[in-house]
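Here are some notes to read alongside the model, written as numbered points. I hope they help you find your way around.

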Amino acid sequence: MMRHGAGRRLGRSVAAVLLTAGMIMPLAGCVPQGRAVGDTQDSADAVAHDGVDRHDLYVGVVGGSKPGDDDVNRRLVEAMDQGDLNPVFLASNGDAGGQQKAVADLLERNVKVIVIVADRATGWEEALGEARQAGIPVVLADSTITPDDQTLYAARFHLLTDGSAGNASGNAADKAEGETYYIADALANIVDDVPHGKVMNVRLVPQWS
């Protein structure tokens, strides 16, 4: 026969386990099964809800340090500002692992989405995996990152200097098929789980004149 004291201790232990499970479940719910966070391509799977107000949409930007990236970094941040978003820019300065550390820093700042202009094509699995576990969508901007696991990024942006042809690096052949977006619309669609392509054409021009 179980004594009253032991019964109370068991009851407290069970309650603690249930409380811990309740705390973990919402975190696990942030990570969708079989697709990236923010990667919504089928309207049937989209959940109707109020979107994040543009002015409250904080965007982490991990800048690149390759030749020509200064202009891309500047255009990205300016286009986000013009779209009424709140960009939080971090530069890697070419340090080994600096961009991955920047991703970790942005996760601490509670941004809603992270955009990366990658210096290197490899070594990203851990950093992108941490963003996924945190429930933060990742966008690869004109990026050479090619992770085998496509659940690690929500979309790949081809950055267009205008609305017609050519990307921010001047390579018209890289223009993606399909719809073209202003950057504020593209990022809002990703954060709000609005259906979008895995590859998106994104204008780096003012959204409102």
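1. Let us begin at one side of the sheet, where Tyr181 has Val202 in β7 as its bridge partner. The chain goes from β6 through α5 to β7, a β-α-β crossover that is right-handed; that is, with the strands pointing away from the viewer, the path from the first strand over the helix to the second runs clockwise. Helices here are DSSP runs of H or I with at least four residues, strands are runs of E with at least two, and both are numbered from the N terminus.

2. A word on the ground rules: this is a predicted model, in which local features need pLDDT of at least 70 and side-chain atom pairs count only at pLDDT 80 or more, while totals for chains, interfaces and linings use all residues. Residues are numbered from 1 along each chain as its sequence is written, and side-chain values use heavy atoms, with hydrogens and water left out.

3. The sheet is open and has seven strands, in the order β2-β1-β3-β4-β5-β7-β6, with parallel pairing. β2 (86-91) and β6 (180-182) are the edge strands, each with a single partner, so one side of each has no neighbour in the sheet. From one strand to the next the twist averages 30°; axes are lines fitted to C-alpha atoms, for helices over the stretch in contact, and angles run from 0 to 180 degrees between N-to-C directions. Pairing requires that DSSP finds at least two bridges between two strands.

4. What covers the two faces of the sheet at β3 is not listed here, but the burial of its residues is clear: Val113 and Val115 on one side and Ile114 and Ile116 on the other are all buried in this strand (residues 113-116). Buried means under 20% relative accessible area, exposed over 50%, and partly exposed in between, with a 1.4 Å probe and protein chains only.

5. Which strands flank β3 through bridges? β1 (residues 58-63) is joined to β3 by four bridges, running parallel, and Val61 stands opposite Val115. β4 (residues 138-141) is joined to β3 by three bridges, also parallel, with Leu140 as the partner of Ile116. Together with helix α4 (residues 125-133), β3 and β4 make a right-handed β-α-β unit.

6. Helix α3 lies across β1, β2 and β3, and runs at about 165° to β1; contact means heavy atoms within 4.5 Å. In the loop between α3 (98-108) and β3 you will find Asn110. Asn110 is not a glycine, yet its phi is positive, near 60°. With 61% relative accessibility, Asn110 counts as exposed.

7. Is helix α5 buried or exposed? Eight of the nine residues of α5 (residues 183-191) are buried, so the helix is largely enclosed by the rest of the structure. The buried set consists of Ile183, Ala184, Ala186, Leu187, Ala188, Asn189, Ile190 and Val191. Asn189 has a relative accessible area of 17%, and touches Tyr181, Val194 and His196, residues up to four places away in sequence not being counted.

8. Asp193 follows α5, in the loop between α5 and β7 (199-203). Asp193 has a positive phi of about 60° although it is not a glycine. Asp193 is partly exposed, at 26% relative accessible area.

9. Arg156, in strand β5 (residues 155-160), is worth a look: this arginine is buried, with a relative accessible area of 14%. Leaving aside neighbours within four places in sequence, Arg156 is in contact with Leu140, Ser143, Ile145, Thr146, Lys198, Val199 and Met200. Arg156 and Ala141 are 15 residues apart in sequence, and their C-alpha atoms are 5.9 Å apart in space.

10. β7 pairs on both sides: with β5 over five bridges and with β6 over three, in the parallel sense. Arg203 of β7 is the bridge partner of Leu160 and also of Tyr182.11. The charged end of Arg203 also sits over the ring of Tyr182, 4.9 Å from its centre. Lys198 lies over the face of Tyr153, at 4.4 Å from the ring centre. For such a charge, NZ of Lys or CZ of Arg is within 6 Å of the ring centre and within 35 degrees of the ring normal.

12. How many aromatic pairs does a search of the whole structure find? The search finds zero, where rings of Phe, Tyr and Trp (its six-membered ring) pair if their centres lie within 6.5 Å, with planes under 30 degrees apart counted as stacked, over 60 as edge-to-face and the rest as tilted.
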